[in-house]
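Colleague: I would like to go through this model with you, one point at a time. Shall we start with a single residue and work outwards?

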Amino acid sequence: MPDVFGSWARRGLPPLAVFGVLLAGIEAWVGAGRAPMTIPRPSDVAALLWAEHAALLHQLGITLLTAGLGFGLALLAALAIGFAVYAWPRTETPVLTAGAVLSSIPMIAIAPILSVWLGLSIGTRVLITVVICVFPLLVSVVQGLRESKATEQELFTVLAASPLQRFRLLALPSAVPLLFVGLKIAAPLAVLGALIGEWNGAETGLGVVMLNAMFGLQVQRLWATVLIACAVSSLAYAYICLMERVAGFDRSAPGAA
């Protein structure tokens, strides 16, 4: 475990140092009066984050609830569809084609239609998040289910294992490394999906604060919400990476096969 955090520290410190230098440069640039009005002092944004942290954390919690529910339901849907594809291989091409078509539709364009059709409840926002997250998870599950070796498949054939036993004991464990790839893609997308849902008629959430700040020309608050959204997305990605490394499925780790 210490090696894991040591490796992360060695990787994370240089970008943090660059980010700190960048913030100092922006602070000096804005302080000199040469920056446009839409760029605030980083110190002003930090002061707003500190002064309003309780309210912002409350709104962030609502957004994270939507993102977490959408992410979890998308994972369950991907596993269920992956099992169907594994049990009936002929359905793989139609399922992946339909998923690709669905994922190619810009959610920001159809989210208003879903909000008008299904209402402005959290269920609609969760559905938008599920639609955004499910395809990368489905692709990783379907590809991962093929990872089991032929000898292992023959063994399960000899043991007369049922399709569910094959899926649960052979195919699913083999799919875990590629499933982590899909999880790393879907985790930041879940935050994006929750924000898109909140931009279309929600009354609470970080996306609503962001939208109100934009139309109210509250530059510091707008940048603060954008920074929170970026930080949460990055932390979600980092958390999945950490879980992958701790579980021993990180193929980029030193000594990994």
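**From one helix to the whole chain**

Modeller: Glu244 is found in helix α10, which covers residues 219-247. The model is predicted.

Colleague: Is Glu244 buried or exposed?

Modeller: The cut-off for buried is under 20% relative accessible area. Glu244 falls under that cut-off, so the residue counts as buried. Its relative accessible area is 4%.

Colleague: Which residues is Glu244 in contact with, leaving aside its neighbours within four places in sequence?

Modeller: Start with the backbone. Phe180 is 64 residues from Glu244 along the chain, yet their C-alpha atoms are separated by 6.6 Å. Phe180 is also one of the contacts. The full list is Pro177, Phe180, Lys184, Phe249 and Asp250.

Colleague: What share of residues 175-196 is helix?

Modeller: UniProt, in an unreviewed entry, lists 175-196 as a transmembrane region. In the model the end C-alpha atoms of that span lie 30 Å apart. Strand content is 0%. Helix content is 100%.

Colleague: How far apart are the end C-alpha atoms of residues 12-32?

Modeller: Residues 12-32 are also in the UniProt list of transmembrane regions, from the unreviewed entry. The span is 95% helix and 0% strand. Its end C-alpha atoms are 31 Å apart.

Colleague: Back to α10. Which residues does Val219 contact, leaving aside neighbours within four places in sequence?

Modeller: Val219 is found in helix α10. Its C-alpha is 8.8 Å from that of Val45, with the two positions 174 residues apart in sequence. The contacts of Val219 are Met37, Thr38, Ile39 and Pro40.

Colleague: What is phi of Leu217?

Modeller: Leu217 lies in the loop between α9 (206-215) and α10. Its relative accessible area is 73%, so Leu217 is exposed. Its phi is positive, in a residue other than glycine. The value is near 55°.

Colleague: Why is Cys230 in no disulfide?

Modeller: A disulfide needs two cysteine sulfur atoms within 2.5 Å. The closest cysteine sulfur to that of Cys230 is in Cys133, and it is too far for a bond. Cys230 itself is partly exposed, with a relative accessible area of 45%. The sulfur separation is 17 Å.

Colleague: And Cys241: how far away is the nearest cysteine sulfur?

Modeller: Cys241 is buried, at 13% relative accessible area. Cys241 is in no disulfide either. The nearest cysteine sulfur is that of Cys133, at 16 Å.

Colleague: How many disulfides does that rule give?

Modeller: The rule asks for sulfur atoms within 2.5 Å. The count is 0.

Colleague: Now the whole protein chain. How many helices are there?

Modeller: Strands number 0. Read along the sequence, the pattern is α-α-α-α-α-α-α-α-α-α. The number of helices is 10.

Colleague: What share of the protein chain's contacts with a separation of 6 or more is between residues 24 or more positions apart?

Modeller: The C-alpha atoms fill a box of roughly 75 × 50 × 30 Å along the principal axes. Of the 257 residues, 36% count as buried. The share of contacts is 72%.

Colleague: How far apart are the mean positions of the positive and negative charges?

Modeller: The exposed area is about 14,600 Å², and carbon and sulfur atoms supply 73% of it. The protein chain has 14 positive and 12 negative charges. Their mean positions are 4 Å apart.

Terms used: Residues numbered from 1 in each chain as written. Predicted model: local features only at pLDDT ≥ 70, side-chain atom pairs only at ≥ 80, totals over all residues. Heavy atoms only, no water. Helix = DSSP H or I, 4+ residues; strand = E, 2+ residues; numbered from the N terminus. Buried < 20%, exposed > 50% of the residue type's maximum accessible area, 1.4 Å probe, protein only. Contact = heavy atoms within 4.5 Å. Areas by Shrake-Rupley, 256 points an atom, 1.4 Å probe, with all protein chains shown as cover. Lys, Arg positive; Asp, Glu negative; His and termini not counted. Charge placed at Lys NZ, Arg CZ, Asp CG, Glu CD. UniProt positions renumbered as here; feature names shortened; annotations may be inferred.
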